[in-house]
Amino acid sequence: MLPYWLDLMGTGVGAIGGALAAGRRSLDLVGVIIIAMIASVGGGTVRDLLLDRNPVYWMRSSDYMLVILICSLSTVLYLRYRPMPKYVLEIADAIALAIYAILGARIAESFGNTPVIMTVIGVITGIFGGMIRDVLVNEVPFILNQDFYASAAILGIVAYWGTKQLGLHAEYAAYIGVITIITLRLAAMYFKWQVPVLHIKH
Amino acid sequence: MLPYWLDLMGTGVGAIGGALAAGRRSLDLVGVIIIAMIASVGGGTVRDLLLDRNPVYWMRSSDYMLVILICSLSTVLYLRYRPMPKYVLEIADAIALAIYAILGARIAESFGNTPVIMTVIGVITGIFGGMIRDVLVNEVPFILNQDFYASAAILGIVAYWGTKQLGLHAEYAAYIGVITIITLRLAAMYFKWQVPVLHIKH
Amino acid sequence: MLPYWLDLMGTGVGAIGGALAAGRRSLDLVGVIIIAMIASVGGGTVRDLLLDRNPVYWMRSSDYMLVILICSLSTVLYLRYRPMPKYVLEIADAIALAIYAILGARIAESFGNTPVIMTVIGVITGIFGGMIRDVLVNEVPFILNQDFYASAAILGIVAYWGTKQLGLHAEYAAYIGVITIITLRLAAMYFKWQVPVLHIKH
């Protein structure tokens with residue numbers, strides 16, 4: 001689907017994001033690691049359960065859990081001595097979203113799903129870890145009112161699928177999808193793109 | 001189990017309820033659609049995972065996702081121009097609860113479960129979508145302190161099961177269950193029935 | 001794995017904890033039972049879904065649901081007349097954590113998982129019910145900033161696994177694991193042990 005190191009990289013970056021979110025709430029060390037773990041593997045776990053893919057991916061090898069442990073502990077240690085500039089997290093977050101969304105879409109596709117379902121599964125893989133993380137620290141998931149987050153994932157999956165339909169090798173199309181999502185997220189942050197907010201009449 | 005159009009109707013009505021709940025929190029358009037999707041398919045997804053029913057129902061056809069997209073976008077558009085009277089939502093909510101609870105109970109029954117488990121699965125199917133929706137927008141799920149919501153689902157499932165035990169054709173018993181739940185919910189709203197609240201001693 | 005009565009005891013104690021948590025929020029009677037149910041079977045349900053263990057354990061017999069019903073109703077009745085001293089809950093909570101964590105670890109082990117994954121599944125089984133319970137009543141899960149909760153589960157699983165590696169019969173090693181967790185939890189409460197809290201630089 002995607003190279004194993006890219007998968008592990010998404011895992012590590014997701015764990016760092018989880019540790020940072022947990023840090024904002026003054027949780028204890030074990031709490032931080034649990035949040036980092038859920039943030040990192042949450043989306044892929046829901047994907048595997050939905051597709052009945054056994055065993056759930058992070059149970060196939062202890063690598064995932066070890067990467068999460070190392071990344072979340074390193075984040076905690078780093079933060080004890082100096083603050084993390086916010087844009088580092090945002091770039092890392094964009095990378096994790098891109099890897100997870102395209103990987104999720106490709107796995108759903110390999111199970112014979114339609115493009116619509118493939119896109120839904122890709123988005124779920126990309127965003128559910130962060131959603132559960134935010135719910136656990138008692139916040140409205142930021143992806144729900146974040147400028148252009150799930151939208152970037154959808155467009156990246158469309159880019160993957162479109163270029164593949166046009167005859168591009170699936171492997172290259174996947175990289176195009178990943179790069180599309182990262183580029184859109186960074187552009188959205190830089191230019192402050194917003195999806196219109198729904199203001200309802202009461 | 002239940003006619004396909006009734007299933008899709010539950011899906012659409014659930015999506016409208018989700019969009020309205022999301023609207024109260026000023027989420028962006030994509031956030032609204034994601035909440036609507038989770039509210040609509042959440043309960044049935046948990047049911048299918050618990051029963052190991054593969055694939056999860058909304059992955060069998062793109063119809064479900066398209067219905068959700070159309071219903072949530074229509075709701076957003078409608079709300080831009082005029083408010084939705086609250087009773088419309090409550091009636092829609094009662095219909096969705098009724099369809100989901102009876103459908104869930106029948107599916108659990110068809111997997112050979114006992115009446116107790118069948119009832120639990122029916123209630124889960126009926127209420128979990130709304131519960132997850134409320135948790136995501138950072139509220140205590142309304143079904144947990146709502147007058148007579150889960151109770152109506154339980155009584156409707158009992159009505160379905162009872163009339164079937166008495167020899168009624170399962171199809172008709174299902175309609176009786178659906179009508180029982182809708183009637184109980186509307187009566188509960190009209191007469192303001194309350195389940196006693198637990199006030200503990202501290 | 002563990003005797004059936006111990007399993008049911010964990011179920012009942014988990015339900016009592018759920019009913020007490022729900023009581024703090026003035027939910028209605030049905031809401032309390034739903035929270036008690038989720039608190040009690042939540043962790044084991046996630047475990048069974050992750051391991052693709054079918055059917056989910058509480059669907060194999062109506063016993064679990066009946067135990068939950070009796071325990072949560074008894075708790076509600078009791079609390080109508082007199083308060084529950086807090087340490088009763090904390091002791092009960094320690095017992096449920098111990099039973100669930102060791103049972104979860106043993107089940108994961110029997111599916112051929114590595115010690116790392118076995119530990120993760122054991123901790124999930126022990127803590128997820130309480131986490132979902134707290135999220136539903138709109139609180140940051142207490143296990144995330146509780147002194148020494150998940151840590152006690154991890155150490156108990158290590159004790160189980162270690163003594164088994166040293167040649168002890170698995171059955172006895174399981175009891176050692178359960179007793180380790182209960183002892184650690186009670187000691188942590190008595191001596192107010194704390195895992196260091198992460199204070200990040202902003």
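Visitor: Through which surfaces do the copies meet, when the interface residues of chain C are set against those of chain A?

Guide: One compares which residues each copy contributes. In this predicted model, only 12% of the interface residues of chain C are also interface residues in chain A, so the copies meet through different surfaces.

Visitor: What rotation and what shift superpose chain C on chain A?

Guide: A relation between copies is read from the rotation, the shift along its axis and the fit. Here the rotation is 120°, the shift along the axis is 0.0 Å, and chain C falls on chain A with an RMSD of 0.0 Å. That is the relation of a three-fold axis.

Visitor: How many residues of chain C are in contact with chain B, and which elements supply them?

Guide: The size of an interface is often given as the accessible area lost when the parts come together. Here the description is by residues in contact: 26 of chain C against 25 of chain B. On the chain C side, the elements giving two or more residues are α2 (29-50), α3 (63-81) and α5 (115-136). The largest share, 7 residues, belongs to α2(C). By residue class, this side of chain C holds 17 nonpolar, 6 polar and 3 charged residues.

Visitor: Which elements of chain C form the side that touches chain A?

Guide: Chain C places 25 residues in contact with 26 residues of chain A. On this side of chain C, two or more residues come from each of α2, α5 and α6 (150-165). It is α5(C) that gives the largest share, with 4 residues. The division by class is 15 nonpolar, 7 polar and 3 charged.

Visitor: How does the span of helix α2 of chain B agree with the expected value, and where does the helix bend?

Guide: The end-to-end distance and the local axes are read separately. Helix α2 of chain B, residues 29-50, has 22 residues and reaches 31 Å from its first C-alpha to its last, close to the 32 Å expected at 1.5 Å a residue. At B:Val41, α2(B) nevertheless bends by about 50°. The helix is mostly covered, with 20 of its 22 residues buried. Just after α2(B), B:Asp52 adopts a positive phi of about 55°.

Visitor: What span should helix α4 of chain A have, and what follows the helix?

Guide: At 1.5 Å a residue, the 25 residues of α4(A), 86-110, should span 36 Å; the end C-alpha atoms are 36 Å apart, which agrees. The helix is followed by A:Gly112, which has a positive phi near 80°.

Visitor: Is C:Tyr160 buried or exposed, and which residues does it touch?

Guide: Burial is judged by counting neighbours. C:Tyr160, in helix α6 of chain C, has 29 C-beta neighbours inside 10 Å and therefore counts as buried, the threshold being 20 or more. Leaving aside residues up to four places away in sequence, C:Tyr160 touches C:Ile102, C:Ala105, C:Ala173, C:Ala174, C:Ile176 and C:Gly177. By contrast, C:Gly31 is 129 residues from C:Tyr160 in sequence and 37 Å away in space, C-alpha to C-alpha.

Visitor: Which elements of chain A have the lowest and the highest mean pLDDT, and what does the whole model score?

Guide: Confidence is read by chain, by element and for the whole assembly. Chain A averages a pLDDT of 89, and 94% of the residues score at least 70. Among the elements of chain A, helix α1 (residues 4-23) has the lowest mean, 88, and helix α6 (residues 150-165) the highest, 96. The model scores ipTM 0.89 and pTM 0.92.

Definitions and conventions: Residues are numbered from 1 along each chain as its sequence is written. Chains are lettered from A and ligands numbered from 1 in the order in which they are written. This is a predicted model: local features need pLDDT of at least 70, side-chain atom pairs count only at pLDDT 80 or more; totals for chains, interfaces and linings use all residues. Two residues are in contact if their C-beta atoms, placed from the backbone, lie within 7 Å. Ala, Val, Leu, Ile, Met, Phe, Trp, Tyr, Cys and Pro count as nonpolar, Asp, Glu, Lys and Arg as charged, and the others, Gly among them, as polar. The expected span of a helix is 1.5 Å times one less than its number of residues. The bend at a residue is the angle between axes fitted to the seven residues ending there and the seven starting there. A residue is buried if 20 or more other C-beta atoms lie within 10 Å of its own, exposed if 12 or fewer, and partly exposed in between; C-beta atoms are placed from the backbone. Copies are superposed by least squares on the C-alpha atoms of residues with pLDDT of at least 70 in both. pLDDT is the predictor's confidence in each residue, from 0 to 100.
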